[in-house]
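Biologist: Please take me through this model, and justify each term as you use it.

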Amino acid sequence: MERKLAHVALFAAMIAALAYVPQITLGFGVPITAQTLGVMLAGAVLGARQGAAAAALVLLLVALGLPLLSGGRGGLGVFAGPTTGFALGWPLGAYVTGLIVEKLPLRPAGLLAALASVVGGILVIYATGILGFSLVTGKGLMESAALMMVFIPGDLLKAAITGMLVQGLVRARPQTLSWYRPATAGRRL
Amino acid sequence: MISLTSPHRTRAHDWPAGLKLAGLCLASTAVFLTDDPWVMAGLLAALALAYALPGRAFLRAGARALRLVLPFVVLMLVWHLFTRDLRMGLMISMRMVLLVGLANLVTMTTSLQGMMGVMRWLLTPFRRLGLPTHLLETAIPLTIRFTPVLIARADALALAWRARAARRPGWRLVLPLMMQALDDADHVGEALRARGGPLKPAEQED
């Protein structure tokens with residue numbers, strides 16, 4: 001129990017720390033932050049429940065007034081702004097990512113993690129993000145969705161990176177991933 | 001880790017945090033009731049005054065916190081310039097600035113302890129239901145403590161990379177960073193267990 005708690009807290013700290021990793025700028029000038037990479041990793045490494053807890057913990061601390069989002073953003077204003085849906089979608093996104101890696105028997109693990117990140121970290125988070133943007137700005141859902149498309153390539157890149165990082169973790173320390181089943185485990189003699 | 005609470009003490013710092021949050025909820029809802037740009041502009045002027053009254057440093061910090069809506073204000077205005085409905089664009093933009101500005105005002109005048117007090121109060125019904133809300137009381141300080149530690153780790157990793165490679169450090173650093181965080185988590189978990197586990201509900205009442 002203590003170990004799970006520590007994993008949630010430390011992963012939350014890692015999501016926060018990733019805000020300070022310098023932004024990568026894509027060719028056409030759209031900045032992408034490493035923070036949603038942290039959210040995808042939380043789901044893919046810790047699994048559904050703990051991953052969602054880590055993402056939610058970051059949001060809670062932001063609401064309490066800590067500047068843990070990229071660019072030193074934080075405070076209650078984040079949840080009143082037009083991008084609130086993206087942040088609020090984090091726990092659900094991490095949960096879905098974790099659920100997929102736990103349930104779907106796909107190999108190799110890196111591919112599975114990347115696929116799970118596309119569904120949980122992109123589809124889910126954009127769904128809540130677009131809904132939130134539409135509510136705050138009063139734009140239609142389709143219009144809002146169209147505006148968000150510029151960020152999709154960056155997030156696809158992050159899903160691919162999540163896959164590579166998880167593959168690296170499998171190679172270095174597979175016991176960290178509770179959902180990971182080595183190739184022979186399924187058909188043990 | 002430094003909270004976004006303004007170090008410049010205002011009278012609002014002494015108001016109860018719960019009251020400020022309840023007021024924020026009411027005010028944010030009320031903002032949606034008006035449809036008159038002039039009323040909205042008046043509210044914005046009042047907000048600007050509230051930011052300006054405590055002094056220049058407070059105003060500057062507030063303006064910095066408002067930056068996050070700026071791209072969206074520009075986007076909305078340009079968008080509605082094209083659809084020839086500038087009044088709508090102005091309304092949406094002003095409402096966005098007002099909502100975020102109000103929320104930031106509460107954050108800037110409320111201490112972390114005050115916020116956590118309200119959170120604890122809001123969690124009371126869940127605690128009564130038997131949910132382990134006391135785990136949160138352990139997880140929050142852990143995360144606050146370890147965020148700067150992990151940032152320092154990331155910096156050290158980036159330095160080590162720069163010392164060995166000509167290219168800029170990138171996503172490859174995330175794997176060692178994550179493994180170190182996982183190691184830390186194992187150590188912290190053991191330390192917590194050795195000390196009798198997370199804070200018990202009774203111990204956090206002080």
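What follows is a set of questions on the two chains, each answered from its definition.

Biologist: What makes the ground rules here?

Modeller: This is a predicted model: local features need pLDDT of at least 70, side-chain atom pairs count only at pLDDT 80 or more, and totals for chains, interfaces and linings use all residues. Residues are numbered from 1 along each chain as its sequence is written, while chains are lettered from A and ligands numbered from 1 in the order in which they are written.

Biologist: How many helices and strands does chain A have?

Modeller: Chain A has 8 helices and 2 strands. Both are DSSP runs, numbered from the N terminus: helices are H or I with at least four residues, strands are E with at least two. Along the sequence the order is α-β-β-α-α-α-α-α-α-α.

Biologist: Why is chain A called as compact as a globular protein of that length?

Modeller: Its radius of gyration is 17 Å, and the globule rule gives 16 Å for 189 residues. The radius is taken over C-alpha atoms, and the rule is 2.2 Å times the number of residues to the power 0.38. The two values are close, so chain A is as compact as a globular protein of that length. The C-alpha trace of chain A spans about 60 × 35 × 25 Å along its principal axes.

Biologist: And chain B, what are its elements?

Modeller: Chain B has 9 helices and 0 strands. Its elements run α-α-α-α-α-α-α-α-α from the N terminus. The radius of gyration of chain B is 23 Å, well over the 17 Å that the globule rule gives for 206 residues, so chain B is more spread out than a compact globule. Its C-alpha trace spans about 60 × 55 × 35 Å along the principal axes.

Biologist: Which domains is chain B divided into?

Modeller: They are domain 1 (11-122) and domain 2 (126-204). Such bounds come from an automatic or database domain assignment. The C-alpha centres of the two domains of chain B lie 33 Å apart.

Biologist: What percentage of the residues in each chain is buried?

Modeller: In chain A, 57% of the 189 residues count as buried. In chain B, buried residues make up 29% of 206. A residue is buried if 20 or more other C-beta atoms lie within 10 Å of its own, exposed if 12 or fewer, and partly exposed in between, with C-beta atoms placed from the backbone.

Biologist: Why is Met164(A) called partly exposed?

Modeller: Met164(A) has 16 other C-beta atoms within 10 Å. That count falls between the cut-offs of 12 and 20, so Met164(A) is partly exposed. Met164(A) lies in helix H8 (residues 152-172) of chain A. Its C-alpha is 9.2 Å from that of Ala109(A), 55 residues apart in sequence.

Biologist: Which members of the largest nonpolar core touch the most others?

Modeller: Ala9(A), Met14(A), Ile15(A) and Ala54(A) do, in a core of 108 residues. At least three residues come from each of domain 1 and domain 2 of chain B. A nonpolar core is a set of buried Ala, Val, Leu, Ile, Met, Phe, Trp, Tyr and Cys residues joined through C-beta atoms within 7 Å.

Biologist: What is Ile15(A) in contact with, leaving aside neighbours within four places in sequence?

Modeller: Its partners include Gln35(A), Gly38(A), Ala54(A) and Val58(A). Contact needs C-beta atoms, placed from the backbone, within 7 Å.

Biologist: How many residues does each chain give to the contact between them?

Modeller: Chain A gives 44 residues and chain B gives 53. H1(A) supplies the largest share of the chain A side, 14 residues. That side divides into 30 nonpolar, 10 polar and 4 charged residues. Here Ala, Val, Leu, Ile, Met, Phe, Trp, Tyr, Cys and Pro count as nonpolar, Asp, Glu, Lys and Arg as charged, and the others, Gly among them, as polar.

Biologist: Where does UniProt list "transmembrane region" in chain A?

Modeller: The unreviewed entry lists residues 51-69, 76-97, 109-133 and 145-170. Positions are in the numbering used here, feature names are shortened, and annotations may be inferred rather than shown by experiment. In the model, residues 109-133 of chain A are 100% helix and 0% strand, with end C-alpha atoms 34 Å apart. Residues 145-170 of chain A are 88% helix and 0% strand, with ends 35 Å apart.

Biologist: Which peptide bond is cis?

Modeller: The bond from Arg107(A) to Pro108(A) is cis, with omega near -5°. Pro108(A) sits in the loop between helix H5 (90-103) and H6 of chain A.

Conventions:
Two residues are in contact if their C-beta atoms, placed from the backbone, lie within 7 Å.
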